Amino acid sequence: MAPEPLNTQVSDVALYTPGDPLVFTRGGHLDQVSVHYETYGTLNRKKNNAIFICHALTGDAHCAGLAEGDRKPGWWDVLIGPGKPIDTDRFFIISPNILGGCQGTTGPSSTNPATGRSYGLDFPILDMKDFVTVHRRLVSSLGIENLLAVAGGSLGGMQVLQWALTHPEDMSNAIIIAASSRLTAQNIAFSAVAREAIMRDDGFSGGHYREDKTSPDTGMSIARMMAHITYMSEGALGTKFGREPQNVDLTPGFGVDFAIESYLHHQAEVFLDRFDALSYLYLSRVMDYFDPFDDTEACARIAAHPIPALVCSFSTDWRFSSAQSKRIVAYLERAGVPVTYRDISAGVGHDSFLLPIPEYEDLVRTFLNRAMEEVPR
């Protein structure tokens, strides 16, 4: 028997126009901004069962697929679907592609109507607050006044934190997973090298590679290979690949000799088919400058409207370590926010937030069950 769909709607909406432009936090504006998004489940009569999903750096709007079947899997299928922790039989899920992305929402590779060329590096510099501004406009366009929860992992978790600090009245709960409130120097360094690899590729063509019919494939491949290493723990890489040769006869040279090399090459090739270099530059840079607690009014706003928050980290995540989640918890608790924090024992590293881990799934399920119990009937 074919599986039932998740009552999925795929949509595009123009949220800003020349008469109502998007003004960016760090300067500049866009007269036209459209957002690509997906919804799952059914919005109830009182419109109080909506959960907003914020995606990570290279994610997109397609966070859920089918419970089984041949539709493309969603990147957060582990949590979202019928009977899952974010249950599409109970909740109405909103999942957009992020501003600056390359999966349907306006970004630096979109066409600039003033020039007929892609924006390229003329696209305004992004800030985490800009994501929240667009997210809020999307929610308003759907006629929803308050979200049951906003949830996200990694960069998605940073968006949730920014939203909760600037507009806590928009949501009843916040779910922040494997995130950071301020990147370490090591994290900034990884992203700097990735961007340099892309921008120094001759195919980058000053950001106008589409018009020039080139592509910074080499730089993008290197960026993705390096980043992917940081998403996994040393133990996970050792268990999965060890020092296994790629071929039966291991002849020393400079080709793809080890299984781990082959895996990284495969990840790079897949990445080239689905992601855009300019989006990688812009979105990764947002993370570098994110430091919401540097705003002395941030905690005052959420203290005036404290909402329950779930903060979750993973024991072997060295990219966004448990210490970084604990920093978020400390600030929120000082502001009087009721925080549930768990550091989940998981051997995979940062990618744990995308994988089936029973304790993790139970944690999210329990938090949302409590949230629904508190919703006015």
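Contact, in what follows, means heavy atoms within 4.5 Å. With that established, I turn to the structure above, which is a predicted model.

I begin with two helices, α4 and α6. In α4, the residues Asp217, Met220, Ser221, Arg224, Met225, His228 and Ile229 meet a set in α6 made up of Tyr263, Leu264, His265, Gln267, Ala268, Phe271, Leu272 and Arg274. Two packed helices are described by the angle between their axes and the distance between the axes. For this pair, the axes come within 8 Å and cross at roughly 125°. The two helices are therefore oblique to each other. As for handedness, α4 passes α6 in a right-handed crossing. In sequence terms, α6 covers residues 259-274, while α4 covers residues 217-231.

One residue of this contact set deserves separate attention, namely arginine 224, which lies in helix α4. Leaving aside residues up to four places away in sequence, arginine 224 touches Thr58, Tyr231, Gln267, Ala268, Phe271 and Arg274. Among these partners, Gln267, Ala268, Phe271 and Arg274 belong to the α6 side of the helix pair. What is the nearest side chain of opposite charge to arginine 224? It is aspartate 351, at a distance of 6.9 Å. A salt bridge requires a nitrogen-to-oxygen distance within 4 Å. Arginine 224 is thus a buried residue that has no salt bridge.

The second helix pair is α3 and α7. Here the axes come within 10 Å and cross at roughly 155°. That makes α3 roughly antiparallel to α7. The crossing in this pair is left-handed. On the α3 side, the contacting residues are Ile188, Ser191, Ala194, Arg195, Ile198 and Met199. On the α7 side, they are Ala277, Tyr280, Leu281, Ser284, Arg285 and Asp288.

I now move to charged pairs. How many salt bridges does a search of the whole structure find? The search finds 11. I shall describe several of them.

Aspartate 127 and arginine 26 meet through their side chains in a salt bridge, with an N to O distance of 3.1 Å. This pair links distant parts of the chain, 101 residues apart. Aspartate 127 sits in the loop between β8 (92-96) and α1 (128-141), and arginine 26 sits in the loop between β2 (22-23) and β3 (29-30). Are the two partners buried or partly exposed? Aspartate 127 is buried, with a relative accessible area of 12%, whereas arginine 26 counts as partly exposed at 43% relative accessibility.

A further salt bridge joins the side chains of aspartate 276 and arginine 210, at 3.3 Å from N to O. Aspartate 276 lies in the loop between α6 and α7 (277-289), and arginine 210 in the loop between α3 and α4, so this pair ties together parts that are 66 residues apart in sequence. Aspartate 276 is buried, its relative accessible area being 5%. Arginine 210, at 48% relative accessibility, counts as partly exposed.

Arginine 301 and aspartate 295 also meet in a salt bridge, with 2.9 Å between N and O. Both partners are partly exposed: arginine 301 has 29% relative accessibility, and aspartate 295 has 27%. Finally on this topic, Arg136, Glu169 and Asp170 are linked in a network of salt bridges.

I close with some loop residues. Serine 154 is found in the loop between β9 (149-153) and α2 (155-166). Its phi is near 60°, a positive value in a residue other than glycine. At 8% relative accessibility, serine 154 counts as buried, the cut-off being under 20%.

Serine 205 lies in the loop between α3 (185-199) and α4. Phi of serine 205 is near 50°, again a positive value in a residue other than glycine. Serine 205 is partly exposed, with a relative accessible area of 27%.

The last residue is glycine 253, placed in the loop between α5 (234-240) and α6. Glycine 253 is partly exposed, at a relative accessible area of 43%. How far is its C-alpha atom from that of valine 339, 86 residues apart from it along the chain? The two C-alpha atoms are separated by 53 Å.

How values were computed
Residues numbered from 1 in each chain as written. Predicted model: local features only at pLDDT ≥ 70, side-chain atom pairs only at ≥ 80, totals over all residues. Heavy atoms only, no water. Helix = DSSP H or I, 4+ residues; strand = E, 2+ residues; numbered from the N terminus. Buried < 20%, exposed > 50% of the residue type's maximum accessible area, 1.4 Å probe, protein only. Lys, Arg positive; Asp, Glu negative; His and termini not counted. Axes fitted to C-alpha atoms, helices over the stretch in contact; angles between N-to-C directions. Parallel < 35°, antiparallel > 145°, perpendicular 65-115°, else oblique. Left-handed = near helix turned anticlockwise from the far one by under 90°.
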